[in-house]
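Please read the following walk-through with the sequence and the coordinates side by side. The account moves from bound ligands to chain contacts, domains and sheets.

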Amino acid sequence: MTSLTPILTRSWGDETPWKLESYEKAGGYEGLKKALGQSQADLVQLVKDSGLRGRGGAGFPTGMKWGFLPAPDGGPRYLVVNADESEPGTCKDIPLMMADPHLLVEGVAITSYAIGSHHAFIYIRGEVVHVYRRLLKAVADAYAAGHLGKNIHGSGFDLDVTVHAGAGAYICGEETALLDSLEGRRGQPRLKPPFPAVAGLYARPTVVNNVESIASVPAIVRGGADWFTSMGTERSTGHGIFSLSGHVTRPGQYEAPLGITLRELLEMAGGIREGHELKFWTPGGSSTPIFTAEHLDVPLDYESVGAAGSMLGTRALQIFDETTSVVRAVSRWTDFYAHESCGKCTPCREGTYWLKQILHRLEHGKGEAGDIEKLVDICDNILGRAFCALGDGATSSITSAVQLFREEFEAGMTQPASELFPPERSALFDYTPRRSAGAAAGAVHA
Amino acid sequence: MTTTTDSQTPVAVDPNLVTVTIDGIETAVPKGTLIIRAAEEIGIAIPRFCDHPLLKPVGACRQCLVDVAMPDREGNVRPMPKPQPSCAMEVSPGMVVHTQKTSAVAAKAQHGVMELLLINHPLDCPTCDKGGECPLQNQALSDGRATSRFTDVKRTFAKPLKISTQILLDRERCILCQRCTRFSKEIAGDQFIDLQKRGASQQIGRFDEDVLGFAPLGDATVGPAAEDESGRAFASYWSGNTVQICPVGALTSAAYRFRSRPFDLVSTEAVAEHDANGSAIRIDHRRGTVMRRLAGDDPVVNEEWISDKDRFAFHWQTAPDRLTHPLVRDRAEDGTRGELRTASWAEALEVAATALAAARDAGGVGVLPGGRLTIEDAYAYGKLARTALGTNDIDHRARPASAEEESFLGHAVAGHGIDVTFGDLEKAPAVLLVGFEPEEEGGIVFLRLRKGTQAGRTRVWSLAPFATRGLERLDGTLVPTAPGLESEVVDALATGTDEPSLAALREALGAQGALVLVGERLASVPGSLSAVLRLTAATGARLAWIPRRIGERAGVEMGTLPGLLPGGRPVSDAAARVDIAAAWDVTELPTAPGRDTDGILAALAARELRGVVVGGVELGDLTDPVAARAALEAADVVVSLEVRASEVTDLADVVLPVAPPAEKSGSYLNWEGRVRAFRQALESHALPDHRVLDELARHLGTDLGARDGNVLRKEIDQLGAWDGERVAAPATEAVAPAAVAPGTAVLASWHLQLDAGRGQDGEPFLAGTARKAVARLSAATAEAAGVADGGVLRVSTGAGRIELPAVVTDMPDHVVWLPTNSPGSAVRAALGVLPGAVVQITAGTVTTTEEA
Ligand SMILES: Cc1cc2nc3c(=O)[nH]c(=O)nc-3n(C[C@H](O)[C@H](O)[C@H](O)COP(=O)(O)O)c2cc1C
Ligand code: SF4
Ligand code: SF4
Ligand code: FES
């Protein structure tokens, strides 16, 4: 039986974990001091040896990414932390920065030192104003304490950190769109090559890493690669935050070694809500193909989830019980992708627009003959044809749901989802049906 | 495949070539070639929308997806997991590509994209300008599905949106390929439109809050498109190119919208007449009427772009004041002019010849052929002057000119053939502009320079009073120079200077390929052209003279200057005269030194000359329009060869109508010295100038041999090059700048690309995109004159005044800049002075009202 490994989440239950003194009391910034005494190459090697894989979704080995930077040429190079967390179901970076912002700041300092960057940026999703403020404060305190700024701890290493709030677009989490947005342009993904490692922010060598990836670094520096690899599986090493949401008794963030199963996680979370049973779930957020109860024992590591036909993604486990209409869930997700499609490429821009309308029809029992085949074929025309992974992600839930629950889509030809699966039964709170727009208009802002 | 080389045969391996296989055909292409181009080379067309050979790849539309396989480290060719955009992927050695022709996956991907492109498209081809020549329509037929599966609700937008007076946008037709916005950013540098919103709401536009339904953004950092000084939404001189490259009918021009269908049009390749570039264009006409003009594709000149002026300004050729019949004016006994009346060609030519012969014998006839002629026409004018009229009094420079300039042209331009080219512009490491604003006065020259600066190859410096938007978009460096001080600064550069910025510039000009570009305006800055020759001699930089008009270089080469015979032969050189006399089969050529434009006009006024032959000259373009009018009034006979009635018509005794460019064939000579031959687009009874001149000469008893343009061209070609002495370089002294008393300033001025020129008549939509006329002066000068930024400034001389909104500009004090010939700012006519003159400046009284 796997148990929890609270490393990133260790302090979350403490009194005021976000304060510098709390963080320092618990040994904070010791990793930075240790790192500053080592060579940059050793640090990169350490992270390579730890097997840490990017926690932002794609799981690319972090040390290898750092190693891709070309040799220093005297010009600037940048670290950019991706804190745009917007994937439906994903909820780990935001609470992490909320509870323990210094952990990220320390990770940023160590990473910047390791890759030879003197200016790091944290691009944070703009809606989370409170987290943004907390992060700003943490950075200011870190400067004041000499963890950032000039000649950090007498090492001769200088580092500036800029926290930048985005304006709220899922696509700005895609690393190249993020870079364009950070440069003040329209947030749309860039053509690759050149890759960010060669020409990223301001066309300079740049490492883009997820919050959780960077926040994992201080502990690796303190604990060593062997300590890290003692957790997880051979190719998916270490610990990670699993966000459980939906029809579970105790939703929340569970930090555990990679390779844990949903069955184990559910046990910790008190199981599916009382009197209900698991119907389907996403292993890695809404962009990953859905699983069912059949997959309760799939180890949640990159390889096993992949082999079972989905993706570990951001370990965002959205859990739905038997009261939930798959059609409605998929339709909501598709609304999200249609809304968030950046518009750059045809398949995603037009495809999500079309998918959304078909799904709305099916959801309202107004499906037409051939709709299901159409859905699947449109997805086939988007997947792997779109410019970036957003478009691919938009198709995952649809294709997998049609495969697993085709009959529900067929029912959508005649029966509204709200009849088959009355929404109030799935709601965790009192269900208030949406009033018609006309009736609501007068009441809002009253 | 039939004739393949035996794969065992070792072939010479060019390290710059990459061998790939596309649909089973092996081909070698240069490194860095995009798959889509490599396929094109071997005749495989991959459908595409966002791809454009002159724009950077974006890979946005996904129409060009193909299957790609590449060798791995062991050399096993491995297919990539998903189809790749062939417009954005470069070939690599051993790559194997399967297009829609050989891959079901690629074909399905393309069909899928095409279907998606059409779901939100209004499918209004029957009423769309682009229908019949639309890449979307064509490729939907060639590479799409026959039917659509889309049964849902289309996205709709209000339409059309007015981007400018000229450019209209239909957002429903737009497929968001970004060609227009990429052109604006990458080529023109005018970001007058951009993408806005996202997803299915993504749209092209000007960030108009009303259109987008946004609350006003206050002083947020994003906001509407840049505005010009007048607060008018910014428009571009190059915007028409976006209409042409839009792969659907989303962008249309107000001028052409709904005028015709492509399949009703007849196309003729032609050459544009509005500037000295001779850009390749295509004239599309229907039943004898020009419907539109498009950019032609000429990689050595204009690539695939043209200015809006070259594109939209063609109605002047068929304006209501077009002259269609010869006109003759009878004079009273005392010489008072009567009314013009229609006459037959025979009568008009007879009257003209008789009067010209009399004037010639009574003192002489001058010839002012104007600056817009073809090679053939210019040559005929020169020959007429020097044979039938027996004079060297000929000057095509219908603008301020000088003897220094004539020497400069005779020395450094005439007979030099093609020297500096467009290609050199984009490769030059350093370019110095003197008396030359590329975007305003040089048309497409600006885009070529920008290509070089954008690629990081070229650095530009400009000697000018202030940095124009054009210079800013060239990332150029201003060497602030008050008008009249050009000679001084150029000489400082030539002799070497300690001033660090000038020293850096001088060094840059020493680099291989460095260029000095001078404009025709330097003719009115004494000593400047002499200094420029010293500078190029001292630094080794190459020199190009880029005038504004298409006929200037032809005039220089064909000998329509007083001191120059064809091919740069000096009139003063006996051998040169013998050369030409022999070719023309005459015993001798006139030897008396000729007069230039101002000299001819002065001699007419003084009645030393008695007659004049004028070819399409606007009096307002001359140094002193008032004096010019008086000079023509004083003439015994004025014979005018014109397309349209003008001020000269009012004074002419005989008007001989000539053909506008679309109604004749001929060859322009662009500033490079490149022959730009064009065919006649429209059937017409109108005659080219050279034919009319031939007839006129015949009536004067001389055979010009100028009846047939082809025969003329042969004659010109047979003259051959002149290997004798050239005209000596000018060594004119600079003139000390005039003192500026309080309340006065030195005038700076040049023409804006879109202005009050008559070539732009009849084009209200184009006129709406012109930059508004403003007066520019420094903050200190404005304050001294008592004018606030945006207030009205009065600029006056003894001759008159101009009032314009003042725009405080970073420029030398005691200088005021006015556009030379814009609405409300006809500098020569109103003020009677040239740049460098001292003018009075005070706060104005009239509030200028802005036209819609
Ligand atoms: C549409 C889209 C949204 C993304 N959003 C995020 C995000 O919010 N946070 C994040 O770290 N990575 C996000 N990514 C992944 C990033 O592109 C990138 O892979 C990641 O930041 C790399 O960091 P890592 O190597 O540390 O995982 C997103 C990718 C896509 C295609
Ligand atoms: S798939 Fe295309 S439209 Fe969708 S977000 Fe990516 S680039 Fe934008
Ligand atoms: S307006 Fe035309 S050129 Fe511009 S994005 Fe739309 S389709 Fe492309
Ligand atoms: S032409 Fe290749 S993606 Fe548009």
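**Ligands, domains and sheets in a predicted model**

In this predicted model, ligand 1 is surrounded by 25 residues, of which the closest are A:Gly54, A:Gly56, A:Gly173, A:Asn210 and A:Ser213. Two or more residues of this shell are given by each of three elements of chain A, namely helix H4 (62-67), strand E4 (206-210) and helix H17 (389-411). Among the contributors, E4(A) provides the largest share, three residues. Sorted by class, the shell around ligand 1 holds eight nonpolar, ten polar and seven charged residues.

The surroundings of ligand 1 can also be read in terms of the domains of chain A, which are assigned as domain 1 (20-229), domain 2 (239-321) and domain 3 (327-426). Domain 1 and domain 3 of chain A each supply at least three residues to the shell around ligand 1. The C-alpha centres of these two domains, domain 1 and domain 3 of chain A, are 35 Å apart, and their contact takes nine residues from domain 1 and nine residues from domain 3. On the side of domain 1 of chain A that touches domain 3 of chain A, the residues comprise six nonpolar, two polar and one charged.

Chain A also contains an open sheet of five strands, arranged in the order E6-E5-E9-E7-E8 with mixed pairing. At the edges of this sheet stand strand E6 (252-257) and strand E8 (291-292) of chain A, each of which has a single partner strand, so one side of each is left without a neighbour in the sheet. Further in, strand E5 (residues 239-246) and strand E9 (residues 316-321) of chain A run parallel and are joined by four bridges. Along E9(A), the residue that stands opposite A:Gly246 is A:Ile319.

From chain A the reader can pass to chain B by way of the contact between them. What does each chain bring to this contact? Chain B gives 29 residues and chain A gives 24 residues. On the side of chain B that touches chain A, helix H2 (residues 104-119) of chain B gives the most, with six residues. The residues on that side of chain B fall into 17 nonpolar, six polar and six charged.

A record annotation covers a neighbouring topic in chain B. In an unreviewed entry, UniProt lists residues 105-144 of chain B for "domain: 4Fe-4S His(Cys)3-ligated-type". In the model, the span of residues 105-144 of chain B is 60% helix and 0% strand, and its end C-alpha atoms lie 14 Å apart.

Another ligand has its shell in the model as well. Ligand 3 is surrounded by 13 residues, the closest being B:Cys174, B:Cys177, B:Cys180, B:Cys246 and B:Ala250. By class, the shell around ligand 3 consists of eleven nonpolar, one polar and one charged residues.

The domain assignment divides chain B into domain 1 (17-118), domain 2 (122-318), domain 3 (346-399 + 553-719), domain 4 (417-547) and domain 5 (744-843). For domain 2 and domain 3 of chain B, the centres taken over C-alpha atoms are separated by 41 Å, while 14 residues of domain 2 are in contact with 16 residues of domain 3. On the side of domain 2 of chain B that touches domain 3 of chain B, E12 and E13 of chain B each supply at least two residues, and the largest share of that side, three residues, comes from E12(B). The residues on this side of domain 2 of chain B divide into seven nonpolar, six polar and one charged.

The strands just named belong to an open sheet of three strands in chain B, whose order is E12-E13-E14 and whose pairing is antiparallel. Strand E12 (266-271) and strand E14 (289-295) of chain B are its edge strands, each pairing on one side only, and from one strand to the next the twist averages 30°. Strand E13 (residues 280-286) of chain B runs antiparallel to E14(B) and is joined to E14(B) by six bridges. Within this arrangement, B:Asp284 has B:Arg292 as its bridge partner in E14(B).

A further annotation remains to be placed on chain B. UniProt, again in an unreviewed entry, assigns residues 265-321 of chain B to the feature "domain: 4Fe-4S Mo/W bis-MGD-type". Residues 265-321 of chain B are 9% helix and 35% strand in the model, with end C-alpha atoms 26 Å apart.

Definitions and conventions. Residues are numbered from 1 along each chain as its sequence is written. Chains are lettered from A and ligands numbered from 1 in the order in which they are written. This is a predicted model: local features need pLDDT of at least 70, side-chain atom pairs count only at pLDDT 80 or more; totals for chains, interfaces and linings use all residues. A residue is near a molecule or strand if its C-beta atom, placed from the backbone, lies within 6 Å of it. Ala, Val, Leu, Ile, Met, Phe, Trp, Tyr, Cys and Pro count as nonpolar, Asp, Glu, Lys and Arg as charged, and the others, Gly among them, as polar. Domain bounds come from an automatic or database domain assignment. Two residues are in contact if their C-beta atoms, placed from the backbone, lie within 7 Å. Two strands pair if DSSP finds at least two bridges between them. Axes are lines fitted to C-alpha atoms, for helices over the stretch in contact, and angles run from 0 to 180 degrees between N-to-C directions. UniProt positions are given in the numbering used here, feature names are shortened, and annotations may be inferred rather than shown by experiment.
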